[in-house]
Amino acid sequence: MRRKHRKPWAGQGPVEQAEQHYLVAPRHLAGGGDLRYVTDALRACGWKDLARSGGPLVFDSPDRTVRIGYDPFVQPGGWTIRGKATRQHSAWHASLGRQVPVEIVAGFTDALTRPRSAHAPNVWTPLHSQGWQPERGQHVTATSPDGTARLQFHQSGPGDAHWWASARNEHSRTWDALFTATTPMHLVQAFAGALADPHPVMRPHGDLPPSTQIRTTTVQVLPSQLSAWQQARVNAARTATWTHRPWATARPGVTPAARPSASRAGTSR
């Protein structure tokens, strides 16, 4: 007997297809990645998007003391972050190249959206805990176990100092990041923690850097999974911002709606 072709259910759309992605390690050699990993979280935390259509990205903090920009149209281009002088702190400036992975950039920008820890920051702690090698000379430096990344406190003389990070593969230096000495220490520590994080990051097929010094694992991912991971990150950022607002803590018995636990979009755990 000839079998009849089964018709799709009414309203049934096309079947979602898994897409090939790669988990890339070390993360500092994975390439820039999707900017929305940074920008969507900033919007969720109440940062004002000042970008014009087709122009560079510009975000101002809710209190207008910090501005974050991303400009791919100039050389060398990348991220610029400026903090205004306040009663508590001097003006500061940071610049991160276009190929700094967004997961590492987010270590810095996420810290801008959260209250400071009561503990005194130590930039070197997250690096040394992951086996980065210290080097003391004219400049204090920590180098990744594979020798492809470093963070350095560069001091040429009194009043002439800055933080400098870089990564390189077998071809050349792939990115630099520079922080003035006045950059709040807890922000530099947050950057260092994201830099030293041993977990791989995810990149789509066709977006791998041409290097033999990266390790890759192929994974099949549904588009809905990628969207869910990013939405979980956004939800976590929004909830954290809501929780730390003064008016939120002043109303006992009122709590934000339950949110999915945060997953790092594009990051393996």
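This text goes through the sheet, the helices and the aromatic residues of the structure. The model is predicted: local features need pLDDT of at least 70, side-chain atom pairs count only at pLDDT 80 or more, and totals for chains, interfaces and linings use all residues. Residues are numbered from 1 along each chain as its sequence is written, and side-chain values use heavy atoms, with hydrogens and water left out.

Begin with the sheet. Helices (H or I, at least four residues) and strands (E, at least two) are DSSP runs, numbered from the N terminus. Two strands pair if DSSP finds at least two bridges between them. Ten strands form an open sheet in the order 2-3-4-5-6-11-10-9-8-7, with antiparallel pairing. At its edges are strand 2 (48–49) and strand 7, each of which pairs on one side only. Strands of a sheet pair through backbone hydrogen bonds, either parallel or antiparallel.

Strand 7 (residues 133–136) runs antiparallel to strand 8 (residues 140–143), and four bridges join them. With three residues between them, strand 7 and strand 8 form a hairpin. Within this hairpin, E135 has T141 of strand 8 as its bridge partner, and P134 stands opposite A142 in strand 8.

Where does helix 2 sit, enclosed or not? Eleven of the eleven residues of helix 2 are buried, so this helix is largely enclosed by the rest of the structure. Buried here means under 20% relative accessible area, while exposed means over 50% and partly exposed lies in between (1.4 Å probe, protein chains only). Among the buried residues of helix 2 are the charged-letter positions E103 and D110, along with V102, I104 and L112.

Helix 2 packs against helix 4 (residues 185–196) at an angle of about 150°, with the axes 8 Å apart. That makes helix 2 roughly antiparallel to helix 4. Axes are lines fitted to C-alpha atoms, for helices over the stretch in contact, and angles run from 0 to 180 degrees between N-to-C directions. Angles under 35 degrees count as roughly parallel, over 145 as roughly antiparallel, 65 to 115 as roughly perpendicular and the rest as oblique.

Next come the aromatic rings. The whole structure holds six aromatic pairs. Rings of Phe, Tyr and Trp (its six-membered ring) pair if their centres lie within 6.5 Å; planes under 30 degrees apart count as stacked, over 60 as edge-to-face and the rest as tilted. The ring centres of W92 and F108 are 5.9 Å apart and the planes stand at 65°, so this pair is edge-to-face. It links distant parts of the chain, with W92 in strand 6 (residues 92–97) and F108 in helix 2 (residues 102–112), 16 residues apart. W92 counts as buried at 8% relative accessibility, and F108 does so at 0%.

In another pair, W124 and W163 have ring centres 5.6 Å apart and planes at 45°, so the pair is tilted. W124 lies in the loop between helix 2 and helix 3 (125–128) and W163 in strand 10 (residues 160–168), so the pair ties together parts 39 residues apart in sequence. Both W124 and W163 are buried. W92 and F108 also belong to one aromatic cluster with F179 and F191.

Last is strand 1 (residues 19–25), which contains V24. V24 is buried, with a relative accessible area of 0%. V24 and T217 are 193 residues apart in sequence, yet 6.9 Å apart in space, C-alpha to C-alpha.
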